[in-house]
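Subject: Structure handover and notes

Hello,

Please find the structure below. My notes on it follow, for you to read with the model open.

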Amino acid sequence: MKIIKRVSILPILVLISFLLVSCDMKDEEMSESKTYSNVYYTIKYPSNWREPELIAPKVFFLKDDNKCSLDIKALPYKDSIEDLIPKDESEECIIDGNKGYKVKIEENNEIITFYLIQKNDMLFEMMFKSQVDDYKNCLASMDQMIKSFEFNDFESMSFANWNQFTIENIEVYYPNNSVINDTIEEWGKDRVEAFNYITEYLDVQWEYEPIKMYVFDSEEHGEQYGLQLGFALPGYNHIFTLHNQYPGHELAHCVSYYINNGERIDSALINEGLATHLNMTGKDYHRMTADILQEKSYTIKLLGDDFRKNEDAYTFGASFVKYLIDKYSLELFKEFFAQNQYNEEESFREFYDKEGNVLVNEWMDYLKTY
Ligand SMILES: [Zn+2]
């Protein structure tokens, strides 16, 4: 139920200066390398990089000293990727015989180099990152990795053969013999109901592309496609979900992205809390949290990275977000949520005039009498 930040190429390009770069790669042999392979591609990475990690739709590669990283996403994407990148700000590239694009940007002392390629209705996004000072040292590894990139024969695993069922603003994609095959209309209706509820609740007028929901039978089924379910790609309006995931959660990630044109607070607590609050299960998260606290009686740490370490985080987050909305208004919450202040602590101070931890304590006090 993680959300993935959109590539954000467009906003980044608009906001900051970019550098045009050459696609030429140095023809050096990679001295020692290891191989990573999945359904879609095979890539070699230097032996002083760590074992890659699969995090939702991306595979994350990191050099031992943390100075260079690469993440690769493979996603179904039927539209032309040329629409994603302003032509005059990118450079054409050939990767494993396929035409792609390269964009290099500098932001907050970091250099980010994107490569985008499309094959068999899939989009492959490779994103290299390094600090400006380390860039030169990372360049050779980057070139070598890109050069070693090879597509596997994944036609049978592409999403091109999946069935499509469209209902209002939702396009449902599912394979033949999917577990939702016989209940597709009902399944779609439940999602539309959730979508309508969430857009109304957040007062978002939907004037965007339909939401594409890719429905998998099981976690293993997702893993075959290199995906860790479920998750949303807000901005792309893509959702990858298990057939039995709660209807509203990922939809809430997609819809809330448009409260203010893609501006979202960088806070797992607030993003996951809102999505869980709107997941359409009718669960009483205040009650659940109060019960957990009584049983375990621990101090809750929910800010920053602590959120992901807490096994009850989603339940707590939903309760906390509901508390903020009920106590301080939905309007204030929306302003707080959809703003370009990407410092969680600063955001609490700016919008609630209180430290995040003060609000967490206030909410816990409230639950004691719930
Ligand atoms: Zn989520």
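The buried residues of helix H6 (268-277) are Leu269, Ile270, Asn271, Glu272, Gly273, Leu274, Ala275 and Thr276. That is eight of the 10 residues in H6, so the helix counts as mostly covered. Buried here means under 20% relative accessible area, exposed means over 50%, and partly exposed is in between, with a 1.4 Å probe and protein chains only. Helices (H or I, at least four residues) and strands (E, at least two) are DSSP runs, numbered from the N terminus.

This is a predicted model: local features need pLDDT of at least 70, side-chain atom pairs count only at pLDDT 80 or more, and totals for chains, interfaces and linings use all residues. Residues are numbered from 1 along each chain as its sequence is written, and side-chain values use heavy atoms, with hydrogens and water left out.

H6 also helps to cover another helix, H10 (residues 330-337). In H10 the buried residues are Phe333, Lys334, Phe336 and Phe337. Looking down the axis of H10, these residues fall within an arc of 160°, so they line one face of the helix. The arc is that of the directions from the helix axis to the C-beta atoms. As a general point, an α-helix has 3.6 residues a turn, so residues three or four places apart point the same way. Besides H6, the cover over the buried residues of H10 includes helix H3 (184-202), helix H5 (249-256), helix H9 (313-328) and helix H11 (344-352).

For the chain as a whole, there are 12 helices and 17 strands. The radius of gyration is 22 Å, close to the 21 Å that the globule rule gives for 370 residues, so the chain is as compact as a globular protein of that length. That radius is taken over C-alpha atoms, and the rule is 2.2 Å times the number of residues to the power 0.38. The C-alpha trace spans about 70 × 50 × 40 Å along its principal axes. Of the 370 residues, 54% are buried. Among contacts (heavy atoms within 4.5 Å) with a separation of 6 or more, 62% are between residues 24 or more positions apart.

Trp162 sits in the loop between strand S12 (150-151) and strand S13 (163-167). Is Trp162 buried or exposed? Trp162 is buried, with a relative accessible area of 8%. Leaving out residues up to four places away in sequence, Trp162 touches Tyr173, Tyr174, Pro175, Tyr214, Val215, Phe216, His221 and Tyr225. Its C-alpha atom is separated by 13 Å from that of Phe240, which is 78 residues away along the chain.

Three points of backbone geometry are worth a look. The peptide bond from Leu229 to Gly230 is cis, with omega near -15°; Gly230 is in the loop between helix H4 (219-224) and strand S16 (231-233). Asn261, in the loop between H5 and H6, has phi near 50°, a positive value in a residue other than glycine. Asn261 is exposed, with a relative accessible area of 63%. Asp353 lies in the loop between H11 and helix H12 (356-368), and its phi is near 60°, again a positive value in a residue other than glycine. Asp353 is exposed, at a relative accessible area of 69%.

Regards
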